[in-house]
Amino acid sequence: MVITMLDVKLYLNEVGQRIMERRKKLGLTQEALAEQSDLTTQFVSYAESGKRAMRPENLMKIAAVLGVSTDYLLTGDIIDKDSLLLSEKLGKLTASEVRIIENIIDECISLYHS
């Protein structure tokens, strides 16, 4: 299989899109993500726009701040680590709040998988 420069550019754009979507979902600015990741704002901007590939340690920093796995950022796939991160968040809720979240999940399943 031959990987072209276009393939690499599309891949970097997809990774950048996942970073941007997650950052916005968390209500973070590029500046806040950069500061919390110990990176520059320009680096975050380039990463989100697909202009720059990242070294593994920088990807790990961004993933940690965004509360997702590096696999999610790279591929969009949810892995066990993502489930564990979600489980840790659920552990901070009361029993009744967990039941509410469970109902929301059940509704989503019925909407998207029926």
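**Exercise 1.** In this predicted model, is glutamate 57 buried, partly exposed or exposed, and what does its side chain meet in a salt bridge?

*Solution.* Start with the relative accessible area of glutamate 57, which is 37%. Buried would require under 20% and exposed over 50%, so glutamate 57 is partly exposed. Next, look for its partner: the side chain of glutamate 57 forms a salt bridge with that of arginine 55, at 2.6 Å from N to O. Finally, classify the partner. Arginine 55 has a relative accessible area of 52% and is therefore exposed.

**Exercise 2.** Find how many salt bridges the whole structure holds, and work out which pair links distant parts of the chain.

*Solution.* A search of the whole structure gives three salt bridges. One of them joins the side chains of arginine 23 and glutamate 48, with an N to O distance of 2.5 Å. Now place the two residues: arginine 23 sits in helix 1 (residues 5-25) and glutamate 48 in helix 3 (residues 41-49), 25 residues apart, so this pair links distant parts of the chain. Then check the exposure of each partner. Arginine 23 is buried at 7% relative accessible area, and glutamate 48 is buried as well, at 6%.

**Exercise 3.** Turn to helix 7 and describe the salt bridge between glutamate 102 and arginine 99.

*Solution.* First, the distance: these side chains meet at 2.7 Å, N to O. Second, the spacing: both residues lie in helix 7, three residues apart, or about one turn of the helix. Third, the exposure: glutamate 102 is partly exposed at 35%, and arginine 99 is partly exposed at 47%.

**Exercise 4.** Stay with isoleucine 100 in helix 7, and identify the nonpolar surface patch that includes this residue.

*Solution.* Helix 7 covers residues 95-112, with isoleucine 100 among them. On the surface, Ile100 belongs to a nonpolar patch with Leu93, Ile101, Ile104, Ile105 and Ile109. Together, these residues have about 490 Å² of accessible area.

**Exercise 5.** Characterise the largest pocket by its volume, the elements that line it and the chemistry of its lining.

*Solution.* Begin with the volume, about 390 Å³. Then assign the lining to elements: helix 1 and helix 6 (80-90) are the ones giving two or more residues. Helix 6 supplies the largest share, five residues. Last, sort the lining by chemistry: six residues are nonpolar, two polar and four charged. To follow this on the structure, pick out lining residues including Arg22, Lys25, Tyr72, Ile78, Asp82 and Lys89.

Methods
Residues numbered from 1 in each chain as written. Predicted model: local features only at pLDDT ≥ 70, side-chain atom pairs only at ≥ 80, totals over all residues. Heavy atoms only, no water. Patch = residues over 30% accessible without salt bridge, like charges linked within 9 Å, V, L, I, M, F, W, Y side chains within 5 Å. Areas by Shrake-Rupley, 256 points an atom, 1.4 Å probe, with all protein chains shown as cover. Salt bridge = Lys/Arg side-chain N within 4 Å of Asp/Glu carboxyl O. Helix = DSSP H or I, 4+ residues; strand = E, 2+ residues; numbered from the N terminus. Buried < 20%, exposed > 50% of the residue type's maximum accessible area, 1.4 Å probe, protein only. 1 Å grid on protein atoms, 1.4 Å probe; cavity = no way out; pocket = protein on both sides within 12 Å on 5 of 7 lines; lining within 4 Å. Points joined across faces, edges and corners; volume = space filled by probe spheres on them. Nonpolar A, V, L, I, M, F, W, Y, C, P; charged D, E, K, R; others polar.
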